[in-house]
Amino acid sequence: MAEPFKGGQEPTLFPMMKAGSEDAATSIFFAVIGLVHPYRDRLLRSVGKSAYKNGNDYTCVLRPSIGGRLSDKDIPDAKIILDQKTRWEALVEVKIGSADLDQPQLGRYLNRAIEQKVDALITVSNEMCADPAMPPLRLKPAEKRLRKIDHFHWSWRYLTHQAQEVLQDETLDPVESAILIQFIDFLQHGASKVNGYHAMPTCWPQFVDTVRDKGTPSNDDIDDVIAGWFQESADLSMILTEALDVNVSQVIESPSAELRKEEAENRFEKDRDLSARFALPNKSYLQVDLDIDGRCFRFETAHKPTDRVKTSSKQVEHFLKMFVSSDNPDEWGDHSDVRLFARWARKRTLTDIPMSDALLNLHDGTLKDIEFVDSDRDLRELIIRYTPTGASSAIKSRKKSIEFLESQALYFAETYVDMSD
């Protein structure tokens with residue numbers, strides 16, 4: 001019979017260990033969770049739990065020891081306990097920097113969790129996922145019996161983002177605010193080894209060439225690229241939220257990580273595309289597509305016509321005026337590579353026009369006379385699509401492709417998605 005987890009040490013903000021080490025980061029992180037209730041509650045809610053405000057329900061032990069002659073590889077980094085109406089326990093495995101979570105090691109923890117009737121495993125690393133309840137698929141255990149234990153994943157980037165959200169949204173006392181501010185500074189310091197997603201996988205340049213040449217990439221490379229795209233999509237959601245100061249969530253309709261991956265594989269096989277969709281307040285959306293063989297990025301959003309005016313031409317005019325300078329009616333900015341589409345009632349085909357041409361027609365007073373405006377039909381929706389030039393030279397690079405995507409997504413979101421009327 002396996003010996004139970006026992007012993008260990010309490011987390012502290014001031015660990016007596018090497019700065020920048022995994023153990024130091026783990027200790028500081030769990031000390032902050034214990035001291036800042038709103039942060040603890042937000043993270044626990046991400047795994048389906050909640051925190052009592054007085055904190056009497058929460059306990060964390062670092063490096064809980066195990067009886068017998070088991071190696072250090074079988075000792076998790078932490079164990080957290082919620083002693084509420086029902087007791088809930090989770091083992092935690094932490095990695096920092098470029099260290100990868102190890103599936104065999106996680107398998108051993110899951111075995112121990114089953115033996116000791118622990119309820120969940122939480123992993124923490126720089127590897128990102130769209131939702132804590134949908135951890136990286138590569139970490140899924142091969143044995144079905146090990147899947148009975150709930151597995152959640154927090155990326156360090158996610159933990160940083162949630163700390164920033166709590167600091168902005170919650171009412172904290174001065175001590176909690178000071179602790180959270182310093183914790184964020186710690187995580188954002190280069191020595192902490194906390195990273196966002198900055199480069200596509202190693203196989204990416206060869207993968208792009210293979211797709212360009214109408215070849216078939218290996219299954220392993222397809223898996224790596226889709227996993228990398230999922231990580232970048234998760235990071236982009238947080239980047240957009242922080243830049244726009246509104247909640248930007250990734251839209252994932254698949255009920256499981258397996259089905260989500262399968263849908264991405266099917267789309268890639270059919271169109272050689274990777275895609276992600278993000279939801280913003282007021283039912284706005286941002287669609288991002290990476291056309292690999294076409295070597296371009298496409299961004300899309302849509303807006304409903306205003307009800308302040310009645311005719312379709314006036315509705316288009318009202319929309320376009322939002323891009324015209326209030327100080328100078330002859331200035332409306334650069335809208336290169338942007339195309340405007342209109343969806344009409346009882347009409348299958350969309351009408352379209354370059355955005356810059358539409359603005360020029362607005363300026364000249366000829367908007368209602370052009371084919372883009374169907375004055376005999378009700379306007380249902382205005383769609384904006386952006387295919388920025390310059391992508392072809394960046395796409396093959398592991399890092400430049402991500403930099404280009406993030407900069408253009410931010411530009412498009414700030415200019416065309418998050419529009420105040």
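User: What makes the surroundings of aspartate 289, leaving aside its neighbours within four places in sequence?

Analyst: Six residues are named as contacts of aspartate 289: Arg267, Leu274, Ser275, Cys296, Phe297 and Arg298. Note that this is a predicted model. Aspartate 289 itself sits in strand E10, which covers residues 285-291.

User: Why is aspartate 289 called buried?

Analyst: Its relative accessible area is 11%. Buried means under 20%. The value of 11% falls under that cut-off, so aspartate 289 counts as buried.

User: How do you know that the side chain of aspartate 289 makes a polar contact?

Analyst: The partner is the side chain of arginine 267, at 3.2 Å. A polar contact needs a pair of N or O atoms within 3.5 Å. The 3.2 Å pair meets that limit, so the term applies. Arg267 is also one of the contacts of aspartate 289 listed above.

User: Which contacts does leucine 286 make, leaving aside its neighbours within four places in sequence?

Analyst: Leucine 286 is in contact with Leu240, Ala276, Arg277, Phe278, Leu280, Phe299, Glu300, Phe412, Ala413 and Val417.

User: Which members of the largest nonpolar core touch the most other members?

Analyst: Leu286 is one of them. The others named are Phe29, Phe30, Tyr39, Trp156, Leu320 and Leu340. This core has 104 residues. Helix H7, residues 219-244, gives the most to this core, with 10 residues. Another core, of 11 residues, lies apart from it, and includes Tyr109, Leu110, Val118 and Ile149.

User: Why does leucine 362 count as buried?

Analyst: Its relative accessibility is 15%. The cut-off for buried is under 20%, so leucine 362 qualifies. Leucine 362 is found in helix H10, residues 355-364. Beyond its neighbours within four places in sequence, leucine 362 is in contact with Glu317, Leu320, Lys321, Val324 and Leu367.

User: How far apart are leucine 362 and lysine 321 in sequence and in space?

Analyst: They are 41 residues apart in sequence. Their C-alpha atoms are 8.1 Å apart in space.

User: Why is serine 192 called buried?

Analyst: Serine 192 has 4% relative accessibility. That is under 20%, so the label is buried. Serine 192 is found in the loop between helix H5 (174-188) and helix H6 (204-212). Not counting residues up to four places away in sequence, serine 192 touches Ile96, Phe186 and Leu187.

User: What lies 2.7 Å from a polar atom of the side chain of serine 192?

Analyst: The backbone oxygen of histidine 189 does. The limit for a polar contact is 3.5 Å, so the distance of 2.7 Å falls within it.

User: Is lysine 193 buried, exposed or partly exposed, and what makes it one or the other?

Analyst: Lysine 193 has a relative accessible area of 41%. Buried is under 20% and exposed is over 50%. The value of 41% falls in between, so lysine 193 is partly exposed. Lysine 193 also belongs to the loop between H5 and H6.

User: What is phi of lysine 193?

Analyst: Phi is near 65 degrees. That is a positive value in a residue other than glycine. Asparagine 282 likewise has a positive phi, about 60 degrees, although it is not a glycine.

User: Why is asparagine 282 called exposed?

Analyst: Its relative accessible area is 77%. Exposed means over 50%, so asparagine 282 passes. Asparagine 282 lies in the loop between strand E9 (273-279) and E10.

User: Why does alanine 142 count as exposed?

Analyst: Alanine 142 has 67% relative accessibility. The cut-off is over 50%, so exposed is the label. Alanine 142 lies in the loop between strand E6 (120-125) and strand E7 (150-155). The C-alpha atoms of alanine 142 and glycine 107 are separated by 8.8 Å, with their positions 35 residues apart along the chain.

User: Why does lysine 314 count as partly exposed?

Analyst: At 42% relative accessibility, lysine 314 is neither under 20% nor over 50%, so partly exposed applies. Lysine 314 is found in helix H9, residues 312-321.

User: What share of the protein is buried?

Analyst: Buried residues make up 51% of the 421 residues. The secondary structure comes to 12 helices and 14 strands.

How values were computed
Residues numbered from 1 in each chain as written. Predicted model: local features only at pLDDT ≥ 70, side-chain atom pairs only at ≥ 80, totals over all residues. Heavy atoms only, no water. Helix = DSSP H or I, 4+ residues; strand = E, 2+ residues; numbered from the N terminus. Buried < 20%, exposed > 50% of the residue type's maximum accessible area, 1.4 Å probe, protein only. Polar contact = N/O pair within 3.5 Å; in protein donor to acceptor, adjacent residues only side chain to side chain. Contact = heavy atoms within 4.5 Å. Core = buried A, V, L, I, M, F, W, Y, C linked by side-chain atoms within 4.5 Å.
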